[in-house]
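Trainee: Could you walk me through this one before I start annotating?
Mentor: Gladly, let us have it in front of us.
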Amino acid sequence: MAYISPETGKLQLTVVYDGPPRAGKTATMYSLSDELKRRVQTPVRGGRTLYFDWLIYDAGSFNGEPLEVLTLSVPGQTQLNERREFLLAMADSVIFVVDSTREHVQESRDYYLRSLEFLQNGGRPVPVLLQMNKRDIEDALPRAELDEMFVDDRPQPWIEESVASEGTGVRKAFIQAVSLAVAEVQRDLDNGADLSVGHSFSSAEELMERLREL
Ligand SMILES: Nc1nc2c(ncn2[C@@H]2O[C@H](COP(=O)(O)OP(=O)(O)OP(=O)(O)O)[C@@H](O)[C@H]2O)c(=O)[nH]1
Ligand SMILES: [Mg+2]
């Protein structure tokens, strides 16, 4: 959730990678880390995400003040849904990572619809960008079929294709998601929102402690 620190004047936005298990959220974060030259922190590392991946990116300035983007990826496994939803509720924009292979695309769509519903129930508009991943795999669905499956669900879908394991398309999707979040915050400010009353997690450790309480 967008938050201006009263001490530093920094605006912090949160971009969250959401999506079903093994879609490539963590692979995306690590490719992004290489691109941006920023370190990813993953509490309890080893294959599947149990809590989140965390990366802080200094994204220039906003209205003359420094802008910081907290980037998180959720754990996709169904039994970790509470953690996933907690993180999703923090988002100023979401990058939904779709596994675009024929075998998994339907599961991605089911997850996507549930996430949209969850975000809509949150009571504030959160832009969602679709990152169609695993475009290198032979049985990945053609783009036209993907558009048919996903585009109807939203009036204004933002779509980028990626091969997260190679880093292709990752940066472009991220930059787009940051600008969507910035536009949303600008709208909030125009409507008189006070961003200094929010809360933000200052470290991965603090966020992990909070998730452990769920
Ligand atoms: N071929 C191919 N493999 C990919 C791509 N993206 C991710 N993978 C592989 O897919 C597997 C799962 O990727 P992760 O990034 O761990 O998936 P995740 O979405 O973080 O999964 P959870 O943490 O369980 O939610 C790994 O073996 C990745 O290397 C891609 O674009 N192409
Ligand atoms: Mg992961």
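Mentor: What follows goes from the overall fold to the strands, a helix pair and the ligand.
Mentor: This is a predicted model, in which local features need pLDDT of at least 70, side-chain atom pairs count only at pLDDT 80 or more, and totals for chains, interfaces and linings use all residues. Residues are numbered from 1 along each chain as its sequence is written, while chains are lettered from A and ligands numbered from 1 in the order in which they are written.

Trainee: How many helices and strands does the protein have?
Mentor: There are six helices and seven strands, counted as DSSP runs numbered from the N terminus (H or I of at least four residues for helices, E of at least two for strands). Along the sequence they follow the pattern β-β-α-β-β-α-β-α-β-α-β-α-α. The radius of gyration, taken over C-alpha atoms, is 16 Å, close to the 17 Å that the globule rule gives for 214 residues, so the protein is as compact as a globular protein of that length; that rule is 2.2 Å times the number of residues to the power 0.38.

Trainee: OK, strands. Which sense does β2 with β4 take, parallel or antiparallel?
Mentor: Strand β2 (residues 11-18) and strand β4 (residues 65-73) pair in the parallel sense over seven bridges, where pairing requires that DSSP finds at least two bridges. Gln12 stands opposite Glu68 in β4.

Trainee: And what about β3 and β4?
Mentor: Strand β3 (residues 53-62) runs antiparallel to β4, joined by eight bridges, and Trp54 has Leu72 in β4 as its bridge partner. Their hairpin has two residues between the strands, and Asn63 takes a positive phi near 50° there.

Trainee: Switching topic: at what angle do α1 and α5 pack?
Mentor: Helix α1 (residues 25-36) and helix α5 (residues 170-190) pack at about 90°, with axes 9 Å apart, the axes being lines fitted to C-alpha atoms over the stretch in contact and the angles running from 0 to 180 degrees between N-to-C directions. They are therefore roughly perpendicular, a term covering 65 to 115 degrees.

Trainee: Which residues surround ligand 1 most closely?
Mentor: Of the 20 residues surrounding ligand 1, the closest are Gly24, Thr26, Ala27, Thr49 and Gly76, a residue being near if its C-beta atom, placed from the backbone, lies within 6 Å. Helix α1 gives the most to that shell, with three residues.

Methods. Parallel < 35°, antiparallel > 145°, perpendicular 65-115°, else oblique.
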